[in-house]
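Please open the structure in a viewer and keep the selection tool at hand. The tour below proceeds one selection at a time.

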Amino acid sequence: MLNLILFGKPGSGKGTQASFLKNKYDLVHISTGDVFRKNIKNETDLGLKAKVYTEQGELVPDEITVSMLENEIKQNLPSNGFIFDGFPRTTFQANEMNKILSKYKLPLSATVALEVSDNLLKDRLLKRGKISGRADDQSEDKILTRLNEYRKKTEPLIQYYGKMNKFYSVSGIGEIDEISLRLVDLIEKIQK
Ligand code: ADP
């Protein structure tokens, strides 16, 4: 069973690579950002609660996000494995995730980070904003808020998973296919 956390700053390509890995290894892909956006579009209770935060580029409060994640896992069991994209993003979420994964007997295979420099990310996100129309991709301010949130709240997870011997990183710069290959190489090594 392969259970992966894909880790990286906003715009690092997590979503793109997660879709690729989902198909290659027949995994369930859970993107917390996508689940929030779907709920916001459908104006559900969850969507209404999350909207203010996501649109400003701030993290949605942990309690909301954790219960949503557990729901998504439950709904997709049984499965060959999961790829988590955009979760966990805080130490609290990581602790809760450990509990949820053991409750459903889903051993964590690895946390893999896509490394991209901030300057490249800003360009990528502003470009994406023109196509996607995503509210949080529309201004440099919101992008900076997301990068700051990442630095303050998410970056400490590198050490967190490092201590568990579950942290790996690959360069997220280059052609999409090239980056996918780097991920596959790493996954094959981990699975040996
Ligand atoms: P990106 O990584 O490009 O910023 P995502 O689609 O992963 O985009 O997330 C979009 C927004 O959804 C985040 O800025 C945040 O508001 C919310 N969000 C997603 N995942 C989480 C999470 N694990 N905890 C809190 N908020 C989250």
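**The strands around β4**

Begin by selecting L114, whose bridge partner in β5 is V170. The model on display is predicted, and each stop on the tour should be read with that in mind. Extend the selection to both strands: β4 and strand β5 (residues 167-171) are paired in the parallel sense, with 5 bridges between them.

Next, add strand β1 (residues 2-8), which runs parallel to β4 and is joined to it by 5 bridges. A convenient place to inspect this pairing is L6, which stands opposite V112 in β4.

Now keep β4 alone in view. How many of the 6 residues of strand β4 are buried? In strand β4 (residues 110-115), 5 of the 6 residues are buried, so the strand is largely enclosed by the rest of the structure.

**Charged pairs in helix α7**

Turn now to charged side chains. Side chains of opposite charge can pair when their charged atoms come close. Across the model, 14 salt bridges are counted.

Select helix α7 (residues 140-154), then K152 and E149 within that helix. These two residues form a salt bridge, and their closest N and O atoms lie 4.0 Å apart. K152 and E149 are 3 residues apart in the helix, which means that about one helical turn separates them.

Keep E149 selected and add K153. A salt bridge links K153 with E149 as well, here with the closest N and O atoms 3.0 Å apart. K153 and E149 both belong to helix α7, where they are 4 residues apart, about one turn of the helix.

Is E149 buried or exposed? E149 counts as buried, at 6% relative accessibility. K152 counts as exposed, at 59%, while K153 is partly exposed, at 33%.

**A network of salt bridges**

For the last stop, select R128, R134, D136, D137 and R146, which are linked in a network of salt bridges. Within this group, focus on D137 and R134. They form a salt bridge in which the closest N and O atoms are 3.9 Å apart.

Colouring this pair by accessibility is a useful final step. D137 is buried, with a relative accessible area of 1%. R134 also counts as buried, at 18% relative accessibility, because the cut-off for buried is under 20%.

How values were computed. Residues numbered from 1 in each chain as written. Predicted model: local features only at pLDDT ≥ 70, side-chain atom pairs only at ≥ 80, totals over all residues. Heavy atoms only, no water. Salt bridge = Lys/Arg side-chain N within 4 Å of Asp/Glu carboxyl O. Buried < 20%, exposed > 50% of the residue type's maximum accessible area, 1.4 Å probe, protein only. Helix = DSSP H or I, 4+ residues; strand = E, 2+ residues; numbered from the N terminus. Pairing = 2+ DSSP bridges.
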